[in-house]
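This report describes one protein structure for a first-year reader. Please look at the sequence and the structure before reading on.

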Amino acid sequence: MTVTQFLHAALLVQDLERSRQFYGEVLGLTECPRPFDFPGAWYQIGPQQLHIMVSPEYSARQADPERWGRNRHVALAVSNLEDCQTQLKAAGVTYQLSHSGRAALFVHDPDGNIIELSQVDAPPSQNCSVSL
């Protein structure tokens, strides 16, 4: 087996409209059509997608509530972290800067899922090297 591409990540939420407001209006993601009739929303992010699916009983649990980046999360690239901070503050959204010192922050969606917003100046490499 050879994995050739990352297609999408899926997150569970309780309230679809509240999540649409967060992902569409606060984060500015573009919602795209989806071929299913169960409640959810898809967002296009470059060639990949973020799928939001409704699960009324879902509860996000954190292994480390003090350091949000040490919990499961989805990371999204942004071009300017300071602009993100300004937008999040204007929307009244609490965030936590990365403890590593990188240009990154972590934010909770309305259901407690953690989203990393990381400033990236260049497209990702196709190898497995790590850049901090």
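## Three residues, the strands and the core

Q62 has a relative accessible area of 29%, so Q62 counts as partly exposed. Q62 belongs to the loop between β4 and β5. The model is a predicted one. Leaving aside neighbours within four places in sequence, Q62 is in contact with W68, N71, H108 and I114. Q62 and R72 are ten residues apart along the chain, and their C-alpha atoms are separated by 7.8 Å.

Two other residues can be described in the same terms. V54 is part of strand β4, and Q85 is part of helix α2. With a relative accessible area of 16%, Q85 falls under 20% and is therefore buried. V54, at 25% relative accessibility, counts as partly exposed. The table lists the contacts of V54, Q85 and L88, without residues up to four places away in sequence.

| Residue | Contacts (neighbours within four places left out) |
|---|---|
| V54 | V13, Q14, L16, P39 and G40 |
| Q85 | Y95, L97 and L105 |
| L88 | V26, L27, V93, Y95, L105 and L117 |

How far apart in space are V54 and Q96, C-alpha to C-alpha? The distance between V54 and Q96 is 26 Å, and 42 residues separate them in sequence.

**Strands**

Strand β4 pairs with two strands described here. Its pairing with β1 is parallel and runs over six bridges. In this pairing, L12 has M53 of β4 as its bridge partner. The pairing of β3 with β4 is antiparallel, also over six bridges. I45 stands opposite Q48 in β4. β3 and β4 form a hairpin with two residues between the strands, and in this hairpin G46 takes a positive phi near 60°.

Strand β2, residues 30-32, pairs with β3 in the antiparallel sense over three bridges. There, T30 has Q44 of β3 as its bridge partner.

Which residues of β1 lie on its covered face, and which on its uncovered face? The covered face consists of A9, L11 and V13, while H8, A10 and L12 make up the uncovered face.

**Core**

The largest nonpolar core holds 25 residues, and those with the most contacts inside it are Y23, L27, L50, I52, L88, I115 and L117. Both helices and strands contribute: the elements giving two or more residues to this core are β1 (8-13), α1 (16-26), β3 (40-45), β4 (48-54), β5 (73-78), α2 (81-90), β7 (104-108) and β8 (114-119). Which of the elements gives the most to this core? It is α1, with four residues. Among the contacts of L88 are L27 and L117, and these two also appear among the core residues with the most contacts.

**A pocket**

Rolling a probe the size of a water molecule over the atoms shows where empty space is left. The second largest pocket contains about 240 Å³ of space. It is lined by 14 residues, of which L27, A77, V78, C84 and L117 are the closest to its centre. At least two residues of this lining come from β5, and at least two from α2. How many residues of the lining are nonpolar, polar and charged? Eleven are nonpolar, three are polar and none is charged. L27 and L117 thus have a place in both descriptions: they are among the residues with the most contacts inside the largest nonpolar core, and they are among the lining residues closest to the centre of the second largest pocket.

Technical notes. Residues numbered from 1 in each chain as written. Predicted model: local features only at pLDDT ≥ 70, side-chain atom pairs only at ≥ 80, totals over all residues. Heavy atoms only, no water. Core = buried A, V, L, I, M, F, W, Y, C linked by side-chain atoms within 4.5 Å. Buried < 20%, exposed > 50% of the residue type's maximum accessible area, 1.4 Å probe, protein only. Contact = heavy atoms within 4.5 Å. 1 Å grid on protein atoms, 1.4 Å probe; cavity = no way out; pocket = protein on both sides within 12 Å on 5 of 7 lines; lining within 4 Å. Points joined across faces, edges and corners; volume = space filled by probe spheres on them. Nonpolar A, V, L, I, M, F, W, Y, C, P; charged D, E, K, R; others polar. Pairing = 2+ DSSP bridges.
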